[in-house]
Amino acid sequence: MKLSIPPPVKSSKLKIHVFCPACSLAGINIQATVEELAKYEFELILPEEMDFYHGYLAGTPQMRISHIDRLFKKDDVRIMMAGRGGFGSSHIINSLDYHSFKQNPKWIVGYSDVCFLLFKILRETGIATIHGPMLIDFSHKPKSLPVIISCLKKIIGGETITYEFGSRASLNTHPLPVFTEIKGWVIPANLSILNDSLGTDYLPDLPRIILILEDVDEPLYRLERMLIHLTHTPFINRISAVILGKFTRLKKSKHKASFTELAKGIFSQYGIHVFEGFPIGHASRNFPVLMGGAGILTINPDRPQPFKLTVSPP
């Protein structure tokens with residue numbers, strides 16, 4: 001499959017249409033978020049369905065499908081950002097109008113449960129998406145907000161982004177991999193959602209993947225189980241490298257090993273290097289990353305942050 005990006009939007013002023021494929025924004029005061037993002041020249045177009053509830057979801061499946069399909073078909077919609085994740089995207093991803101999306105592609109931004117939709121768009125259309133903050137994340141006003149906004153604007157403008165991450169301490173505790181560079185298609189993902197997508201028709205069917213993982217509120221044994229399950233599927237043969245982002249609020253375990261040590265032990269059996277410290281996840285430093293971008297991973301032990309990932313449009 002030939003990959004591509006939506007038409008770049010190079011204006012400093014961005015009009016962003018908010019959509020809710022999963023949980024509802026009802027009852028959440030987002031006016032302060034709208035005002036904060038306006039300082040960065042973001043004009044947010046909020047959905048009429050924003051206050052809808054169906055259980056804890058943003059309306060019935062058909063309501064959510066209808067709203068997203070309307071946005072897919074509109075010529076003046078260039079950027080769509082998920083309001084929040086939670087649960088529910090899997091209800092609707094097989095029913096959306098991907099033909100209209102491919103005819104009129106947009107930048108789609110989200111993460112966590114919204115990874116289901118990011119995966120499906122890339123698989124169905126070959127058009128890259130953005131694994132990045134959702135509307136609800138900006139309400140926390142993270143200190144890294146200016147850098148995150150700058151990164152998001154550059155990706156939407158079609159630019160190449162370089163991320164430097166990790167620490168020299170990680171080089172001291174684990175052997176330094178011997179290679180010049182690793183190239184591959186960049187797939188950032190929530191580990192739980194990736195695990196649930198294995199064996200489905202919406203996981204991107206790409207070779208040579210640089211896989212970036214994050215998760216939240218999971219006990220260590222469940223994360224280990226997910227990684228082992230991944231290695232028991234054909235997907236393991238597509239992975240060129242694994243990068244660990246933030247695993248937030250890990251639940252206590254009697255296991256003495258860290259998650260990083262467990263991951264390195266599991267993937268080393270398949271000759272796959274694992275790198276740590278990438279700034280994505282359910283945390284204040286959740287940087288946007290192009291899902292489906294062309295990645296080059298290098299190491300320079302002389303840098304304070306020795307790992308460097310360069311992501312370019314495909």
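These exercises work through the fold, a sheet, an aromatic pair, a helix and one residue of a predicted model.

Residues are numbered from 1 along each chain as its sequence is written, and side-chain values use heavy atoms, without hydrogens and water. In this predicted model, local features need pLDDT of at least 70 and side-chain atom pairs count only at pLDDT 80 or more, while totals for chains, interfaces and linings use all residues.

**Exercise 1. Overall form**

Task: Compare the radius of gyration of the chain with the globule rule.

Solution:
- Start with the elements: the chain has 9 helices and 13 strands. Both are DSSP runs numbered from the N terminus, helices being H or I with at least four residues and strands E with at least two.
- Take the radius over C-alpha atoms; the rule is 2.2 Å times the number of residues to the power 0.38.
- The radius of gyration is 19 Å, close to the 20 Å given for 314 residues, so the chain is as compact as a globular protein of that length.
- Along the principal axes, the C-alpha atoms fill a box of roughly 55 × 40 × 40 Å.
- Of the 314 residues, 56% count as buried. Buried means under 20% relative accessible area, exposed over 50%, partly exposed in between (1.4 Å probe, protein chains only).

**Exercise 2. The open sheet**

Task: Give the strand order of the open sheet of 6 strands, then place helix α2 on the sheet.

Solution:
- The order is β2-β1-β3-β4-β5-β11, with mixed pairing. Two strands pair if DSSP finds at least two bridges between them.
- β2 (42-45) and β11 are the edge strands, each pairing on one side only.
- On average, neighbouring strands are turned by 30 degrees against each other, direction ignored.
- Look at one pair: β1 (residues 14-19) and β3 (residues 79-82) run parallel, joined by 4 bridges. Phe19 stands opposite Ala82 in β3.
- Now add α2 (residues 61-73): this helix packs on the sheet and touches β1, β3 and β4 (107-110). Its direction makes about 155 degrees with that of β1. Axes are lines fitted to C-alpha atoms, for helices over the stretch in contact; angles run from 0 to 180 degrees between N-to-C directions.

**Exercise 3. An aromatic pair**

Task: Classify the ring pair of Tyr163 and Phe278 as stacked, edge-to-face or tilted.

Solution:
- The whole structure holds 8 aromatic pairs. Rings of Phe, Tyr and Trp (its six-membered ring) pair if their centres lie within 6.5 Å; planes under 30 degrees apart count as stacked, over 60 as edge-to-face and the rest as tilted.
- For Tyr163 and Phe278, the centres are 5.1 Å apart and the planes stand at 50 degrees, so the pair is tilted.
- The partners are 115 residues apart: Tyr163 lies in β6 (residues 161-165), Phe278 in the loop between β10 (273-276) and β11 (289-291).
- Tyr163 is buried at 5% relative accessibility, and Phe278 is buried at 2%.
- Ring pairs also link Tyr163 and Phe278 into a cluster with Phe165, Phe275 and Phe307.

**Exercise 4. Helix α9**

Task: Why is helix α9 described as largely enclosed?

Solution:
- Count: 7 of the 10 residues of α9 (residues 259-268) are buried, so the rest of the structure largely encloses the helix.
- The buried residues are Phe259, Thr260, Leu262, Ala263, Lys264, Ile266 and Phe267.
- Their cover includes α7 (191-197), α8, β9 (239-248) and β10. Contact means heavy atoms within 4.5 Å.

**Exercise 5. Glu218**

Task: Is Glu218 buried or exposed?

Solution:
- Glu218 sits in the loop between β8 (209-216) and α8 (220-231).
- With a relative accessible area of 12%, Glu218 is buried.
- Leaving aside neighbours within four places in sequence, its contacts include Ser192, Met226 and Arg249.
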